[in-house]
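Please open the structure in your viewer and keep the selection panel at hand, since this tour goes from one selection to the next.

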Amino acid sequence: MRNPDQILAIVFQLTQLLLVVLAAPMLTGWVNLCQAWLQNRTGAGVMQPYRALNKLFHKDAVIADNASWLFRITPYIVFGCMWLAAAIIPIIAVDLPFSRAADVIALVGVFALARMFIALAAMDIGTSFGSMGARREMLVSFLAEPALLMVLFTASLISQSTQLTHIVETFAHHEFVLYPSLAFASVAFVMVLLAENARIPVDNPSTHLELTMIHEAMILEYSARHLALIEWAASLKLFAYISIGIALFLPHGIVGVGNWSGLPLAVGLLLAKMMLAGAGLAVLEAMMAKMRIFRAPEFLGTAFLLAVLGLLIHFLLGA
Amino acid sequence: MNGLGVLPIDVAGGAILLWIVSGFLGLALQRSPRLICKLVFPAGACVSLALAACGFWALGSAANIAVLPLGLPDLPLHFRLDPLSAFFLILLGGASFGASLFSAGYFKFMAGQVLGLLCLEYHLFLASMAMVLLADDAYSFMVAWETMALSSYFLVTTDHAIPDIRRAGFLYLLIAHVGAMAILLSFGVMQAGHGIAAYTFDAMRQVQLSSFWASVAFLLALFGFGAKAGMLPLHVWLPEAHPAAPSPVSALMSGVMLKMAIYGILRLTFDLLGTQIWWWGVLVLALGLLTAMFGVMFAAVQADMKRLLAYSSIENIGLLLVGIGLTLIFHVYGRDTLAALSLAATLYHSLNHAFFKSLLFLGTGSILHATGERNMGQLGGLIHHMPWVSVLMLVGVLAISGLPPLNGFVSEWLLLQAFLLSPGLPNSYVNMLVPVAAAGVALSAALSAYVMVKFYGVIFLGQRRENAHKHAHDAGIWERAGLLWLAFACVVLGLIPVFVIRKIDAISQMLLGAHLGNATASWMFLAPVDTHRASYGPLYFLLAVAGVMLLTVLLVRRLYHGRSRRGPAWDCGFPAQSARMQDTAEGFGQPIRRIFEPFFRIENELPTPFDTHPKYHGMSEDKLWGLLYLPLKGLIEKLSGWVSLLQHGRIHLYLAYTFVTLIVLLIFV
């Protein structure tokens, strides 16, 4: 290492790597807890996902007879991709070393890589549910992915960069300006977040009813450590998406590498934002009903159009 | 220049000659098909490699020219090897190396006589493509272009006993010739009535055309080359002809021959025509977007695996046209760096598509050999029987879906960067078109992932749908070598884009007079403008992904027991699972058909509840066929009907025509 700055950056990066992987299930637990409160239940507490993961890791894995190697490596690939995605988004500090390797387009690529593998693994066993889940997942994503890309494009056009670090710096350190294009983008982003994380109204994470499931249908055949990794990856994905939302729309308080004095405030702010976002997600889900699968393309088409509209507004107004 | 005085163009000429010799050798050896496979095809592969190396050499050096004392009076054959041709020579050599190696194994069961002819056509096809790239006058270009069309026509109709294949071949030949005529007319416009010597490309570069005539030349060329590339609405031959050919030929046609049309457009627009006009770029961009969306939409509903790949080629040609359109727009508006960036994206994507599409087409050849089945709905579960093919095809599938860290992602990334840097063009309509185009590109890229999950999932994964495929065997050693080479190229092109971009810079310099300054600053990170705006480090990325995954595996293995057992699939407790309950190819494509219903001509035949033998039959076809081609065919038939009124085939009638003509002439003169 050439200079202490770089060592420090790597320390920050490793800290974030560790932090996201440990904190992600808690976010899922928090969303579930808020949902329980909204439904007038007591709820199982924010630590419940850890207990579930612990249980799964201690079980024996049952693998279907005709599963191939693809089925067995997929949980590791999906988990690795989601972990990396969550680790390169600047949530506490900007200018992390990993962020130079992958910009927002590559970030979308990482999500796509994980999705491709999980869809293929779902088809690997050859059950009716598996291929149905894969088909529906790809159906949702072929509209959600370009919508996400357009949202990120709007942000990168404003900040003149596709590097997340620079996007966050632009938004965090300028005086508060209302960008009309970002308003459209944020609505589109919330819709994409709901769809991509298998939430209501597109999918329901807590059902095993054949008419409604998408994500759950794909992972039906997984058990024990494989299932644990996939569930953990789903938490990481939700964490990553909310991080992107924070980075794009509420980046205030993120510090640069080496800024120790700002760090406690940054962590506190992050915690508050995450809690707020999680509660907001629970409220959104409580207010909506699950829609039929054939309505999903309309929902996502709307998201895509809104995102394109945001981009167009930026091109027309320059704001 | 080296001590021996050998120029790259001499080597390239030698390679072409060797290909022709190999072809005739194959014809001579038709009594021993074993020898053709074991000797001639590998020899052809070595020539491919030499040609690619020669292209690599010429990419860094100045253009060299050769004039042969052959050809027309006053117009000897001119050849020229400059960076643009050199780049496409690398593409041709690299992809055909894999295809030729594969052919050595693929054709070994073919009867000698057929094989001898096929070997001749195959090598003539390769040689003619190299000639197209080297040609430096209209005459030699057209000769090479027509040789390419004819040799590939004969390759397409290898199985000419099947009526459908004859029909596909005829359609291909027809559209190829309509296109060739347009190209010839375009050359005619560009030589501007300066006599036969002005048919050299050098003379055309000197001619200053008015903007009207330049546009006429451009439109004719776009029509002609677009017909070859499968641009909308001239694409109808492509999904018929590409699947009809034997797989190595499909690979070459899709992977390489379509790029010859892209080469033609680039050569003509940026090199031969001195000026460009902004609406050319808009036109190409719009056509490219339509082509891309159309191709991927139709790929999603195909059930035949080779047809699916052919439609996917149409999509990729669309993306290349988008790149060319952007280059034109940026070049006209003086955004040199951006023009260089979109040209680099176009060229890179050409190279990538040549490798991954060849890989996938060759893979379908192995599947065809193992199972005798092209319909995806009959396959399934091949991952257990064909480990080599399934792994290598997975690389191709991931690459064509544009996923990091493989090569498809790099060119997609470059293209999207070009879009992102574009705001502030002086023409506000163009300025509005650009974000819409970016959205279209993103949408078709995402849909292509859908198509590829379907392609790979239905063929390789799941349960075996036909018991007859129980003994499907893996590809042989030659086939494996060909696939391995192409997959290797996909990985390498994905990991070291900076080296390739550095090489491509010579072409931008030549065509646009601009180059990508900062892209080459660091060998690890690809950064088109500067690292603050955007950078992508594939090696670093791979390292990070692989590191994180390895860490996960180690942690899980270390901290928890690795006990697992096998059991029957659970499937939510549903009993009696059968292979028939998986999605077929049609089933997987059904949502797309439903969403984009207005674009398809759909025929459904559904059983009623009382049918004793319920049968389902669904078909989704191209609407353009009915809307454009059939009326056109009707019109031509009507016109030729009128002409045939004159042609009765009776001699006294023709004598009467002659007599009337003479009288009329006498009156006038």
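Two strands are said to pair if DSSP finds at least two bridges between them. With that in mind, and remembering that this is a predicted model, select strand 1 (residues 61-64) of chain A together with strand 3 of chain B, which run parallel and are joined by four bridges. Within this pair, V62(A) stands opposite R565(B) in strand 3 of chain B.

Next, widen the selection to the contact between the chains, which takes 68 residues from chain B and 69 residues from chain A. On the side of chain B that touches chain A, the elements that give two or more residues are helix 15 (407-420), helix 16 (428-460), helix 19 (538-559), strand 3 (564-567) and helix 20 (585-595). Helix 16 of chain B provides the largest share of that side, with 16 residues, and the residues of the side divide into 45 nonpolar, 17 polar and six charged.

Now select helix 14 (residues 387-400) of chain B, where eleven of the 14 residues are buried, among them V389(B), L392(B) and I400(B). What covers these buried residues includes helix 4 (104-124) of chain A, along with helix 12 (305-332), helix 13 (336-371), helix 15, helix 16 and helix 17 (477-495) of chain B. After helix 14 of chain B comes G402(B), whose phi is positive, near 70 degrees.

Finally, move to helix 7 (residues 180-196) of chain A, which reaches 24 Å from its first C-alpha to its last and has 14 of its 17 residues buried. Helix 7 of chain A is followed by A198(A), with a positive phi near 55 degrees.

Methods. Residues numbered from 1 in each chain as written. Chains lettered and ligands numbered in written order. Predicted model: local features only at pLDDT ≥ 70, side-chain atom pairs only at ≥ 80, totals over all residues. Expected span 1.5 Å × (residues − 1). Buried ≥ 20, exposed ≤ 12 C-beta atoms within 10 Å, placed from the backbone. Contact = placed C-beta atoms within 7 Å. Nonpolar A, V, L, I, M, F, W, Y, C, P; charged D, E, K, R; others polar.
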